[in-house]
Amino acid sequence: MGDTKNQCDMILQYMQDFGSITQVEAASEIGCYRLSGRIYDLRARGYEIRRTMETRKNRYGKPVSFARYSLMGGEN
């Protein structure tokens, strides 16, 4: 459970540094494969986080959707 706090802190820092984060970025940059769970934890801490859905085409030309999370403010 100690890793959850560390991942939350890293995700928070990443959003502060780069403006937003996706699951692919969380996995490759932080090693977090449960981004939605960590976003839940951050929201429980009082952070306002917006989710926007984006669609891109995969390597086979098929559309795929994914969430992009961005920090809206500090702790409540």
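## Helix 2 and its two sides

In this predicted model, helix 2 spans residues 23-30 and holds three buried residues: Ala26, Ala27 and Ile30. Viewed down the axis of helix 2, the buried residues fall within an arc of 115°, so they line one face of the helix. Val24, Ser28 and Glu29 lie on the other side of helix 2, and these residues are exposed.

Glu25 has a relative accessibility of 23% and counts as partly exposed, because the partly exposed class lies between the 20% limit for buried and the 50% limit for exposed. Just after helix 2 comes Gly31, which takes a positive phi of about 80°.

## Overall layout

The protein has three helices and three strands. Starting at the N terminus, the order of these elements is α-β-α-α-β-β. The protein has 76 residues, and 34% of them are buried.

Some contacts join residues at least 6 apart in sequence; of these, 49% join residues at least 24 apart. The accessible surface of the protein comes to about 5,300 Å². Carbon and sulfur atoms account for 48% of that surface.

## The nonpolar core

The largest nonpolar core contains 16 residues. Within this core, the residues with the most contacts are Ile11, Met15, Ile21, Ile39, Leu42 and Tyr69. Four elements give two or more residues each to the core: helix 1 (2-18), helix 2, helix 3 (35-44) and strand 3 (63-71). Helix 1 supplies the largest share, five residues.

Ile21 can serve as an example of a core residue. Leaving aside neighbours within four places in sequence, Ile21 is in contact with Ile11, Tyr14, Met15, Ala26, Ile30, Leu35, Ala67, Arg68 and Tyr69. Among these partners of Ile21, Ala26 and Ile30 are also buried residues of helix 2.

## How the strands pair

Strand 3 pairs with both of the other strands. Strand 1 (residues 21-22) and strand 3 are antiparallel and are joined over two bridges. In this pairing, Ile21 stands opposite Tyr69 in strand 3. Ile21 and Tyr69 are also listed among the core residues with the most contacts.

Strand 2 and strand 3 also run antiparallel, with nine bridges between them. Thr55 has Ser65 in strand 3 as its bridge partner, and Arg56 has Val64. The hairpin of strand 2 and strand 3 has five residues between the strands. In this hairpin, Gly61 takes a positive phi near 85°.

## Salt bridges

A search of the whole structure finds five salt bridges. One of them joins Arg68 to Glu25, with the closest N and O atoms 3.9 Å apart. Arg68 is in strand 3 and Glu25 is in helix 2, so this pair ties together parts that are 43 residues apart in sequence. Arg68 also forms a salt bridge with Glu54, and here the closest N and O atoms are 2.6 Å apart. This second pair links distant parts of the chain too: Arg68 lies in strand 3 and Glu54 in strand 2 (residues 49-57), 14 residues apart.

Glu54 has a further salt bridge with Arg56, at 3.3 Å from N to O. Glu54 is buried, with a relative accessible area of 17%, because buried means under 20%. Arg56 is partly exposed, with a relative accessible area of 46%. Glu25, Glu54, Arg56 and Arg68 are thus named together as a network linked by salt bridges.

Notes. Residues are numbered from 1 along each chain as its sequence is written. This is a predicted model: local features need pLDDT of at least 70, side-chain atom pairs count only at pLDDT 80 or more; totals for chains, interfaces and linings use all residues. Side-chain values use heavy atoms; hydrogens and water are left out. Buried means under 20% relative accessible area, exposed over 50%, partly exposed in between (1.4 Å probe, protein chains only). The arc is that of the directions from the helix axis to the C-beta atoms. A nonpolar core is a set of buried Ala, Val, Leu, Ile, Met, Phe, Trp, Tyr and Cys residues joined through side-chain atoms within 4.5 Å. Contact means heavy atoms within 4.5 Å. A salt bridge is a side-chain nitrogen of Lys or Arg within 4 Å of a carboxyl oxygen of Asp or Glu. Two strands pair if DSSP finds at least two bridges between them. Accessible areas come from the Shrake-Rupley method with a 1.4 Å probe; for residues, only the protein chains shown count as cover.
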